[in-house]
Amino acid sequence: VEWRIRRYRRLTAGVAHGDVLEVGGGSGANLNFYPLESRVTMLEPNPYMARRLQKRAENLCRSISVIEGEGEDMPFAAASFDTVLTTLVLCMVSDIDQVVAEIKRVLKPGGTFLFYEHVAATSQLGKVLQTGLNPAWRWLTTGCHLDRDVEQTIRTAGFRDFDFHRF
């Protein structure tokens with residue numbers, strides 16, 4: 001499905017600036033999109049994926065920092081990053097509220113939180129389908145929650161001025 005989401009990687013990683021933190025770097029799918037002048041740190045909880053991520057960065061001649069760690073307890077000082085980014089990660093974390101609170105904590109004042117995530121449906125039929133499919137989907141995808149209300153979580157964390165586009 002990468003060809004379908006390339007546009008959204010450009011709209012997130014492609015506009016990241018300054019000191020950037022990507023939470024859940026995974027396979028490094030965003031590496032091609034970061035501006036060359038950005039300084040990228042990737043937080044990855046899976047040691048295997050962290051090694052794979054570092055290797056991919058080396059293959060692309062990108063200098064990045066890969067830190068093994070959880071989004072719920074980020075090993076960074078407050079106000080460390082100009083940009084924090086998540087793409088298709090918030091559905092997988094154990095405690096989404098804590099991860100978003102940590103994102104807010106590590107962002108510099110006036111910093112930017114960029115995200116591309118699937119979200120809870122707004123229609124009644126969509127909600128029923130997501131709720132019904134969620135147990136099997138979580139098992140098949142090793143933890144993805146189809147029905148998380150990402151927008152509400154972000155608002156509850158105290159983010160106020162943001163653009164949120166549903167599609």
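## Strands S2 and S3

S2 and S3 run parallel to each other, and five bridges join the two strands. Strands are taken here as DSSP E runs of at least two residues, helices as H or I runs of at least four, and both are numbered from the N terminus. Two strands count as paired if DSSP finds at least two bridges between them. One contact to look for is Thr-41, whose bridge partner in S3 is Ser-65. Please keep in mind that this is a predicted model: local features need pLDDT of at least 70, side-chain atom pairs count only at pLDDT 80 or more, and totals for chains, interfaces and linings use all residues. Residues are numbered from 1 along each chain as its sequence is written, and side-chain values use heavy atoms, with hydrogens and water left out.

Together with H2, the strands S2 and S3 make a right-handed β-α-β unit. Right-handed has a simple test: with the strands pointing away from the viewer, the path from the first strand over the helix to the second runs clockwise. S2 covers residues 39-44, and five of its six residues are buried, so the strand is largely enclosed by the rest of the structure. Buried means under 20% relative accessible area, exposed means over 50%, and partly exposed lies in between (1.4 Å probe, protein chains only).

## Strand S1 and its two neighbours

S1 joins S2 through five bridges, and the two strands run parallel. Along this pairing, Leu-21 has Thr-41 as its bridge partner in S2, while Glu-22 is matched with Met-42.

S1 (residues 19-23) also pairs with S4, again in the parallel sense, over three bridges. Here Glu-22 stands opposite Leu-85, so you can follow this residue to both neighbouring strands. S1 is mostly covered, with four of its five residues buried. As a general reminder, side chains in a regular strand alternate between the two faces of the sheet.

## Strand S4 and the way to S5

How many residues of S4 (residues 81-87) are buried? Seven of the seven are, so S4 is largely enclosed by the rest of the structure. S4 pairs with S5 (residues 107-116) over six bridges in the parallel sense, and one place to see this is Thr-87, which stands opposite Tyr-116. From S4 the chain crosses through helix H3 (residues 96-106) to S5, and this β-α-β crossover is right-handed.

In the loop between S4 and H3 you will find Leu-88. Leu-88 has a positive phi of about 55 degrees although it is not a glycine. With a relative accessible area of 33%, Leu-88 counts as partly exposed.

## Cysteines

The structure holds zero disulfides, where a disulfide would be a pair of cysteine sulfur atoms within 2.5 Å. Is Cys-61 buried or exposed? Cys-61 is exposed, at 72% relative accessible area. Cys-91, by contrast, is buried, at 6% relative accessibility.

Cys-61 sits in the loop between helix H2 (47-59) and strand S3 (64-68). Its phi is near 55 degrees, a positive value in a residue other than glycine.

## Exposed nonpolar residues

Leu-125, Leu-129 and Leu-133 form a nonpolar patch on the surface, with about 320 Å² of accessible area together. Accessible areas come from the Shrake-Rupley method with a 1.4 Å probe, and for residues only the protein chains shown count as cover. Patch residues have over 30% relative accessible area and no salt bridge; like charges are joined within 9 Å, and nonpolar side chains (Val, Leu, Ile, Met, Phe, Trp, Tyr) within 5 Å. A salt bridge is a side-chain nitrogen of Lys or Arg within 4 Å of a carboxyl oxygen of Asp or Glu. Leu-125 belongs to helix H4 (residues 124-140) and is exposed, with a relative accessible area of 61%.

Trp-3, in helix H1 (residues 2-12), is also exposed, at 69% relative accessibility. The C-alpha atoms of Trp-3 and Gly-28 are separated by 15 Å, and the two residues are 25 apart along the chain.
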